[in-house]
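Here is a short note to read beside the model. Please keep the sequence and the 3D view open while going through the points.

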Amino acid sequence: MASSDELVVSNKQVLFKDYVSGFPKESDMQVNVSTINLKLPQDSTGILVKNLYLSCDPYMRVLMNTDEQSSSIFSSYTPGSPITGFGVAKVVESSNPNFKEGEFVWGTTGWEEYSLITSPESLFKIHHTDLPLSYYTGLLGMAGLTAYGGFYEVCNPKEGEYVYVSAASGAVGQLVGQFAKLMGCYVVGSAGSQEKVDLLKNKFGYNEAFNYKEEPDLNAALKRYFPEGIDIYFENVGGKMLDAVLLNMRTHGRIAVCGMISQYNLGEPEGTYNLMNIVYKRVRIQGFFVFDYSYEKFLEVVVPYIREGKIEYVEDIVEGLENGPAALIGLFTGRNVGKQLVVVSHN
């Protein structure tokens, strides 16, 4: 039998240095090498996992604020500790009867090679292992469930409706547009480069797409693409984009508020001035949280679409935990094309 010392291995980590104001920088994080014992303590009820893929998501910026400035859903990062996020992992050892060694899981984990998960009840076991494991950072993970819940459950779409998606080439947006097309809707998306606009139209099947950076007047741009107005807006951006959308909503339109990435790095959020249009047009605006919705129901809808080739998904993959900070920061300058993820290990 191996001694306890023989089970101690190095554990590369990405540590959070201190709370952030303004745009985050790579230097707000630090790559560190620690050690970890691959044998669980005798009194443990958790599981030890080897992290394979880590997800880069905009909400992680909010967790770099102090608790007073952060969200009520997640706790802020702790300076000096590894940052956390959604990831895909393999169970190395388990003291929990619901998880067995060798099984694959996805959920919140540390940005490190190995993590001790003390509350594994929040993890999802991966059953469809014939599909790419990396998909569980996005298409079959948090991003997919977000797109499903926000579009189908919040927006209550109907065939033939006019749908607009901002940040449309991102992990969530690329799926919302495809769900809308499968419903028989007319779909327009916006993104921040010509490459992303082409992707929306040529790969994801958007009817139209535009580069918001090239539009000096967002209201005029939306009137051009939606001369009859917008029934459904899937909100990922906020700020000036939301203000322009409110001028172009149709009566009884619905807005699902997924995120507002344009606001996360501002000291003072931008004001929204066209709010009376909510009254005039009886618009419903609803925020939502991804885990309000059934993951099992989501899989029943999406897995057949994937296997039938009805859903396309683009991943922007970075190799190596040490390159994780740059990949995460890149989200806020639009560097990524598609779902940004970091490969920690391939097995």
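1. A residue is called buried under 20% relative accessible area, exposed over 50% and partly exposed in between, with a 1.4 Å probe and protein chains only. The model is predicted, and local features need pLDDT of at least 70, side-chain atom pairs count only at pLDDT 80 or more, while totals for chains, interfaces and linings use all residues. Residues are numbered from 1 along each chain as its sequence is written, and side-chain values use heavy atoms, with hydrogens and water left out.

2. Two residues deserve a look at their backbone angles. Most residues other than glycine have a negative phi. Ala167 has a positive phi, near 45°. Ala167 is partly exposed, at a relative accessible area of 31%, and belongs to the loop between strand 8 (162-165) and helix 3 (173-182). Helices (H or I, at least four residues) and strands (E, at least two) are DSSP runs, numbered from the N terminus. His252, also not a glycine, has a positive phi of about 65°; His252 sits in strand 12 (residues 249-257).

3. Strand 12 belongs to an open sheet of six strands, in the order 10-9-8-11-12-13, with parallel pairing. Two strands pair if DSSP finds at least two bridges between them. Strand 10 (208-211) and strand 13 (284-287) are at the edges with a single partner strand each, so one side of each has no neighbour in the sheet. From one strand to the next, the twist averages 15°. Axes here are lines fitted to C-alpha atoms, for helices over the stretch in contact, and angles run from 0 to 180 degrees between N-to-C directions. Strand 9 (residues 186-191) pairs with strand 10 over four bridges in the parallel sense; Ala191 has Asn211 in strand 10 as its bridge partner.

4. Which strands does helix 2 touch? Helix 2 packs on the sheet against strand 8, strand 11 (230-235), strand 12 and strand 13, and its direction makes about 155° with that of strand 11. Contact means heavy atoms within 4.5 Å. Helix 6 (residues 240-248) lies across strand 8, strand 9, strand 11, strand 12 and strand 13, at about 150° to strand 12.

5. Now the aromatic rings. Rings of Phe, Tyr and Trp (its six-membered ring) pair if their centres lie within 6.5 Å; planes under 30 degrees apart count as stacked, over 60 as edge-to-face and the rest as tilted. The count by this rule is 25 aromatic pairs. In one of these, Tyr135 and Tyr313 are edge-to-face, with 5.9 Å between centres and 75° between planes. Tyr135 is in the loop between strand 7 (124-125) and helix 2 (142-154), and Tyr313 in the loop between helix 8 (295-307) and strand 14 (315-319), so the pair ties together parts 178 residues apart in sequence. Tyr135 is buried at 17% relative accessibility, and Tyr313 is buried at 9%.

6. Are there disulfides to draw, and how many? The structure has zero disulfides, where a disulfide is a pair of cysteine sulfur atoms within 2.5 Å. The closest cysteine sulfur to that of Cys185 is in Cys155, 9.7 Å away and too far for a bond. For Cys258 the closest is also in Cys155, at 10 Å, again too far for a bond. Cys185 is buried at 4% relative accessibility, whereas Cys258 is partly exposed at 28%.
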